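Work through the exercises below with the sequence and the 3D view open. Try each task before you read its solution.

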Amino acid sequence: MSPIAVEGPELNLGTSGTYLLLARPKIDPTQPGVIVAAREAGVSPEEFAGPGDVWTLIYEAEGEGGSEGDGFELPGARDTEADAFAEQLQQALAAAEPFTVEAGNFLRLEARPAGADWTVTAHITPPEGEEDGPAPRTLELGALPTAELLAELERFRRELA
């Protein structure tokens, strides 16, 4: 099967082993890989691709027992809210003091400066009502370089514009 390209804005915070990804994935239903996967799933390519306007939060934590990850959709989340979160995060980084920034009731970032880096902890709370959904998690994203964080936030905000 051909790879499926996913577009749309995404904010990736963390390292290759422990990260969170706030994204609004958009899949083109005319891609050959989507058509094949949809046929195998017994749905239309449009249904397989989804609407492309639903935000998701995906996360993975690398630990002693290997990697563990999960995620959930954020129905009703809007681009303006994602942009406001990114802007608050940029402003907090510029202040160069410990901070807490929240994205709705599903994500809270706590960070403190550590030289040219920031030590970031993410508190993730899935939406209520998902009985089999993921449990609340705390991820230590590690020491993230300030310049890389600011560049990622700027790129994300440009994608939203």
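Two strands pair if DSSP finds at least two bridges between them. Helices (H or I, at least four residues) and strands (E, at least two) are DSSP runs, numbered from the N terminus. The model is predicted: local features need pLDDT of at least 70, side-chain atom pairs count only at pLDDT 80 or more, and totals for chains, interfaces and linings use all residues. Residues are numbered from 1 along each chain as its sequence is written, and side-chain values use heavy atoms, with hydrogens and water left out.

**Exercise 1. The open sheet**

Task: Find the strand order of the open sheet of 4 strands, then locate the bridge partner of Ala111 in β9.

Solution:
- Step 1. Read the order across the sheet: β7-β8-β9-β10, with antiparallel pairing.
- Step 2. Find the edges. These are β7 (99-103) and β10 (137-145), and each pairs on one side only.
- Step 3. Check the twist. On average, neighbouring strands here are turned by 20° against each other, direction ignored. Such angles run from 0 to 180 degrees between N-to-C directions, and axes are lines fitted to C-alpha atoms, for helices over the stretch in contact.
- Step 4. Look at β8 (residues 107-114) and β9 (residues 117-124). They run antiparallel and are joined by 8 bridges.
- Step 5. Pick out Ala111. Its bridge partner in β9 is Val120.

**Exercise 2. Helices on the sheet**

Task: Which strands do helix α3 and helix α4 meet?

Solution:
- Step 1. Fix the rule: contact means heavy atoms within 4.5 Å.
- Step 2. Take helix α3 (residues 79-95). It lies across β7, β8 and β9, and runs at about 175° to β7.
- Step 3. Take helix α4 (residues 146-160). It packs on the sheet and touches β9 and β10. Its direction makes about 110° with that of β10.

**Exercise 3. A buried strand**

Task: Is β3 largely enclosed or open?

Solution:
- Step 1. Set the cut-offs. Buried means under 20% relative accessible area, exposed over 50%, and partly exposed in between (1.4 Å probe, protein chains only).
- Step 2. Count. In β3, 5 of the 5 residues are buried, so the strand is largely enclosed by the rest of the structure.
- Step 3. Check both faces. Tyr19, Leu21 and Ala23 are buried on one side, and Leu20 and Leu22 on the other.
- Step 4. Find the neighbour. Strand β2 (residues 10-14) pairs with β3 in the antiparallel sense over 5 bridges. The two form a hairpin with 4 residues between them. Glu10 has Ala23 as its bridge partner in β3.

**Exercise 4. Salt bridges**

Task: How many salt bridges are there, and what links Arg24 to Asp79?

Solution:
- Step 1. Recall the idea. Side chains of opposite charge can pair when their charged atoms come close.
- Step 2. Apply the cut-off: a side-chain nitrogen of Lys or Arg within 4 Å of a carboxyl oxygen of Asp or Glu. The count comes to 6 salt bridges.
- Step 3. Inspect Arg24 and Asp79. They form a salt bridge, with the closest N and O atoms 2.9 Å apart. The pair links distant parts of the chain, 55 residues apart: Arg24 is in the loop between β3 (19-23) and β4 (26-27), and Asp79 is in helix α3.
- Step 4. Classify each. Arg24 is buried at 16%, while Asp79 is partly exposed at 27%.
- Step 5. Move to helix α4. Glu152 and Arg155 both lie there, 3 residues apart, about one turn of the helix. Their salt bridge is 2.4 Å, N to O. Glu152 is buried at 17%, and Arg155 is partly exposed at 24%.
- Step 6. Extend the set. Glu152, Arg155 and Glu159 are linked in a network of salt bridges.

**Exercise 5. An unusual phi**

Task: What is the sign of phi at Ala96, and where is Ala96 placed?

Solution:
- Step 1. Start from the general rule. Most residues other than glycine have a negative phi.
- Step 2. Read the angle. Phi of Ala96 is near 60°, a positive value in a residue other than glycine.
- Step 3. Locate the residue. Ala96 is in the loop between α3 and β7. At 48% relative accessibility, Ala96 is partly exposed.
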